[in-house]
Amino acid sequence: MGLASANTSNEGMQLCVFDLRRGQLEGQELDKILFFFPADLPFSTQLSVIGLSEGLITFTRIFSPEAPCEVIEAERHSHVFYEAEPDIWMVMVVEKSKGLEVIWRIDALREVLKEVHSLFMMFNGSIRAMLEREPSGGVIRSHLYPFIMDYLSDFLVGKKLQLPSFRDCLTERGTVQMLTVGREAAIEVQSLVRVIESCAEAAPCYSLIFFQDLLVSTTVSPDDTINLFTYAVLRLTPRALSSGVSSWSYLRKGSTASHVAAGSTLAQSASVSEHLCRSHDNSPGQDDSYHVKRPLQHGRWAKGKDGFLITDIWGTDITSLITASPTIWLRQTGERMYLCAYQYKGLTLILLLPVSSILNGEQGVSLVKQRVLENASAKMLKVEEKLSKGWGGENAYHVSGYRYLLLDDDRNVSRASPPVKVTTLTKESLLAMNKLREEVDSIKSRAKRDGSEQEKDLEICIRAKNNAWVIAHTTRGKELYMVLEKANETLLYASDAVEKFSNRYCGGTFSLD
């Protein structure tokens, strides 16, 4: 399945992270660069890209001081901006297609920037905090370069980056996909959650339960749920462990061999990055002994004999000389948590334990794990069995005749047609839907800038070049996008199809009544 590609050996795509508070004096301009891809571009070129971006940010602030710059469209390139933290900017520059079609959806590209930054913060804390602790910038660069390169490896096929394009218009990054469960199964899941929480005894803990690549239960905040869901699907679920690639791989078709080749390409780029990272840092007494975690590296997680997932990413605990347990930072509370992942068949459990509440460090974590095995194993087996019986497979949420994306913005939840079904749509249908979503994005962005507290209901039906109906319907924080390729000639038919879908699968949310 072809996607919009950017060759890593040319300037098809550039991605940079820079700090507007740094490098303001002549001769110190390089200090502002925290990350740049491709890393082997001359510093003069890197500074040119960042200088242009800085100028655009400054210029647009004159007219809109409260709303950060989001995108600048040039003749040959699109410049996508994201202010990740105050004065910490991420910018993606993508080369436009030579054809007339708009192959990118700007919001989808910005979601890539948001996602990699959110994941980085989950494992390392904020970029600004790291800069304040070590002002030379050497530490933050040594963490950012390998982290972002490992993240980009999921977009590489051969030597080409395959960024989200019009073919991904019926997916939504930054949301979670939930498993629909019956009442009996839901009671069993809640019972399991209570048993798991009791295993931590006095320590307050959190948990997430997955079945395959779908979320079943969570006790953490929505933002933390999205981050942990994203990481689990990328590296922890059974499919991620068995394939070594993201379960989103339908977006990035390629054999294992091509993925290895992609990894080799990034490895070369990463080595350049490390060299450039050191050349940025001018502090004479910089200690190179600090541990750089690379949680997005492929093949670093495995299932242990007891069912708990193990990794050496976090190094070795000095006091006990055993592999250190993974740790993350919760976004809502700012707590540092131990991450323990257990897997039984299609069921994956993530248990989060506060570092500050676990006595004796690794020994305390091991004790909690032992309690989970003793007290919750039977429950997990029963839950997995019930969920498996009710599971309809990868095509469980396919609706015959429809290709759809359903979003709940209030809960950050999405549901969509199975990827294999979306691939049956024609290019014309996908391009039309991509263009329609761009229009909806623009309407929502304008409403946000105007300070509208509540989005207006919106319904748009477009007849594509291939006579397919392409439909968008938004109301009360819910969004429905739909493609009907075998629809009747009339608008009434398309409207009736949406009505039937809404009544049966959306509780009538998008019905006219």
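Which strands does helix 11 (residues 427–449) lie across? In this predicted model, helix 11 lies across strand 16 (403–408), strand 18, strand 19 and strand 20. The helix runs at about 25° to strand 19. Helix 12 (residues 491–505) also packs on the sheet. Helix 12 touches strand 16, strand 18, strand 19 and strand 20. Its direction makes about 130° with that of strand 20.

The sheet itself is open and has five strands. Their order is 17-16-20-19-18, and the pairing is antiparallel. Strand 17 (413–416) and strand 18 (458–463) stand at the edges. Each of these two has a single partner strand, so one side of each is left without a neighbour in the sheet. On average, neighbouring strands of this sheet are turned by 5° against each other, direction ignored. Strands of a sheet pair through backbone hydrogen bonds, either parallel or antiparallel.

One pairing within the sheet can be followed residue by residue. Strand 19 (residues 469–475) and strand 20 (residues 478–484) pair in the antiparallel sense. Seven bridges join them. Thr 475 stands opposite Lys 478 in strand 20.

Thr 474 also lies in strand 19. Its relative accessible area is 6%. Residues under 20% count as buried, so Thr 474 is buried. Leaving aside residues up to four places away in sequence, Thr 474 touches Val 440, Lys 456, Asp 457, Leu 458, Glu 479, Tyr 481 and Phe 510.

Elsewhere in the chain, two helices cross. The axes of helix 2 (residues 106–124) and helix 6 (residues 222–236) come within 10 Å. They cross at roughly 95°. Helix 2 is therefore roughly perpendicular to helix 6. From helix 2, the contact involves Glu 115, Ser 118, Leu 119, Met 122 and Phe 123. These meet Asn 227, Leu 228, Thr 230, Tyr 231 and Leu 234 in helix 6. Of the residues in this contact, six are nonpolar, three are polar and one is charged.

Helix 4 (residues 138–152) has 15 residues. At 1.5 Å a residue, helix 4 should span 21 Å. Its end C-alpha atoms are 21 Å apart, which agrees with that expectation. Helix 4 is also mostly covered, as 15 of its 15 residues are buried.

Note on methods
Residues are numbered from 1 along each chain as its sequence is written. This is a predicted model: local features need pLDDT of at least 70, side-chain atom pairs count only at pLDDT 80 or more; totals for chains, interfaces and linings use all residues. Side-chain values use heavy atoms; hydrogens and water are left out. Helices (H or I, at least four residues) and strands (E, at least two) are DSSP runs, numbered from the N terminus. The expected span of a helix is 1.5 Å times one less than its number of residues. Buried means under 20% relative accessible area, exposed over 50%, partly exposed in between (1.4 Å probe, protein chains only). Axes are lines fitted to C-alpha atoms, for helices over the stretch in contact, and angles run from 0 to 180 degrees between N-to-C directions. Angles under 35 degrees count as roughly parallel, over 145 as roughly antiparallel, 65 to 115 as roughly perpendicular and the rest as oblique. Contact means heavy atoms within 4.5 Å. Ala, Val, Leu, Ile, Met, Phe, Trp, Tyr, Cys and Pro count as nonpolar, Asp, Glu, Lys and Arg as charged, and the others, Gly among them, as polar. Two strands pair if DSSP finds at least two bridges between them.
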